[in-house]
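Student: Hey, could you walk me through this one? I'd like to start with the aromatic rings.

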Amino acid sequence: MRASHFLIATQKESPADAEIISHQLMLRTGMIRKLAAGLYTWLPLGLRCLRKVEQVVRQEMDAAGAQELLMPAIQPAELWQESGRWNDYGLELLRLQDRHLRDFCVGPTHEEVITALARREFSSYKQLPINFYQIQTKFRDEVRPRFGIMRAREFIMKDAYSFHIDQPSLQQTYIAMHQAYTNIFTRLGLEFRAVNADSGSIGGNTSQEFHVLASAGEDDIAFSDNSDYAANVELATTLAPNQHRTVPTQTLQKVHTPSHKTIDAVSQFLALPRSQCVKTILVLGVVDEHGQQPLVALLLRGDHHLNKLKAEKHPLVASPLTLAPEQRIRQEMDLEPGFIGPVGLKISILADFAVTTLADFTCGANSIDHHYIGTNWERDCSYTEAIDLRYVVNGDPSPCGQGQLVIKRGIEVGHIFQLGDKYARAMNANILNEHGQKQAMWMGCYGIGISRIVAAAIEQNHDAKGIVWPIAIAPFELILVPLNYDKSYPVKHYTDKLYDDLQAQGIDVLLDDRSVRAGVKFNDAELIGIPHRIVIGDHGIKAEVLEYHNRNTLASQDIPTAQVLDFIKKIFTKIV
């Protein structure tokens, strides 16, 4: 591609509303342009990156045995009503009516559509397993679209759906998709982790997210520093303590803590570390056989945070997790929020593992403006059960038993699910099994955010000069920068010949033949992030050397003109 025939729309400054680096650089390099909130036009430079991601995804999905199809973006409401998601999905589902006043939605995902297709096309277990995928534009009506492509309303996604006769068959495809995703993100040159995750509104019991590690990520992920264990922090577990509790050294004392309700306030007032304080959270329990909903106390260390997902999975705790109304606490228990503790508390008490190892701790005294210090288990109070209630923190032992947990921010770029027969049962997608009996099909679902990958790659690969693309995603692999191209015949002649030779070798090369200053060409090449650069000038041609520059290492070296083509071919041979 010649730059004079290609839209290069670089900008010196970032728009004020671009908050994160990928949004800033995608605008500055001329990859995208904003149309409306959460809606972007992909310019030629950005589209080249997008298509390269798509190519890798297609190759690996095809290699894993999946078949590509394309489903409508507009979906009839009846299908979503069959699955039960028409009302449950929420406001992100963009609903509309056609001229006949029939209800439709703009698809954020395609479980319903593919299930409707499968129930029409498949009747026998002999037709399974089968796996379909598409690469298509989706729409989710985000309440607050932000961060450019990262959280846009319209985005490009690869979604795949597999159908099976039973769970073992689903498990095989799930493993194959995990490997395909691993291959995809490895080939794209991204540092990533696959983590255990919650299935959310998609459904199913087993799922894993694939995260690109980057400081701009919206999710915290925890992974072992000595094994393959990784999980979203919402699902990462803490281990039951294996050490003995410290021997008590203090007596129980009730101290005056006027108006000090929070852990921070109490720890500062008493000059104690937050880790030596215990916070008591009262929540609603499960309705009993008498129709009553008791209160349940959750205990955590003062420096730890309650994990709501873990708490509401306990059989004593109501789901969704609901804090006890303060009025009920005052009226029924004669207690003041902010001063509640386990000493003498007459309700079920669930204590986080970390709390049970404390000795001589501080807690609420169940008396307004007072706390206990020197509190100890068994002697002063007890708990109903010790469980995992909190979010993990850096340095926690890994649940796998190997190493310690490291917590980093991650950008979710892929998610694989085992859906079971959730959609098939709801939509009567049945099939005859080997015994001639009708049964619901089992399903898997596998998504990749194609457009989000491009932004995530930038978040992970940039410097002060601009983007530093992994070679597999770069809009061009190599750029030729001739100096005085329009004025020097030797430069133009040599550059054109090298350009033709590189194209003949299948190298994706950009020839910057624009009539602009050399500084502009260098700055644009570094801002756009083209991995390899060759500079051609009159002085170099006379000296029979050209300058090679590596965008990743920032290293430069002179290459004899007679060896340039071989030198470049060796670079790309190593990459392949």
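Tutor: Sure. Rings of Phe, Tyr and Trp count as a pair if their centres lie within 6.5 Å. Keep in mind that this is a predicted model.

Student: OK, so which residues form one aromatic cluster?

Tutor: That cluster is made up of Tyr-181, Phe-185, Phe-192 and Phe-210.

Student: And how many aromatic pairs are there by that rule?

Tutor: The count is twelve. Take Phe-185 and Phe-210: their ring centres are 5.7 Å apart and the planes meet at 35°, so this pair is tilted.

Student: Where do Phe-185 and Phe-210 lie?

Tutor: Phe-185 is in helix 6 (residues 167-187) and Phe-210 is in strand 10 (residues 206-213), so the pair ties together parts 25 residues apart in sequence.

Student: Are Phe-185 and Phe-210 buried or exposed?

Tutor: Both are buried. Another pair is Tyr-548 with Phe-567, with centres 5.0 Å apart and planes at 70°, so that one is edge-to-face. Tyr-548 sits in strand 29 (residues 545-550) and Phe-567 in helix 16 (residues 564-575), 19 residues apart.

Student: Switching topic, how many disulfides does the structure hold?

Tutor: Zero.

Student: Why is there no bond from Cys-363 to Cys-381?

Tutor: Cys-381 has the closest cysteine sulfur, but that is 6.1 Å from the sulfur of Cys-363, which is too far for a bond. The cut-off is 2.5 Å. Cys-363 also counts as buried, at 1% relative accessibility.

Student: Last one: which residue lies over the face of Trp-86?

Tutor: Arg-95, at 4.9 Å from the ring centre. Arg-193 lies over the face of Phe-223, at 4.3 Å from the ring centre.

Conventions: Residues are numbered from 1 along each chain as its sequence is written. This is a predicted model: local features need pLDDT of at least 70, side-chain atom pairs count only at pLDDT 80 or more; totals for chains, interfaces and linings use all residues. Side-chain values use heavy atoms; hydrogens and water are left out. Buried means under 20% relative accessible area, exposed over 50%, partly exposed in between (1.4 Å probe, protein chains only). Rings of Phe, Tyr and Trp (its six-membered ring) pair if their centres lie within 6.5 Å; planes under 30 degrees apart count as stacked, over 60 as edge-to-face and the rest as tilted. Helices (H or I, at least four residues) and strands (E, at least two) are DSSP runs, numbered from the N terminus. A charge sits over a ring if NZ of Lys or CZ of Arg is within 6 Å of the ring centre and within 35 degrees of the ring normal.
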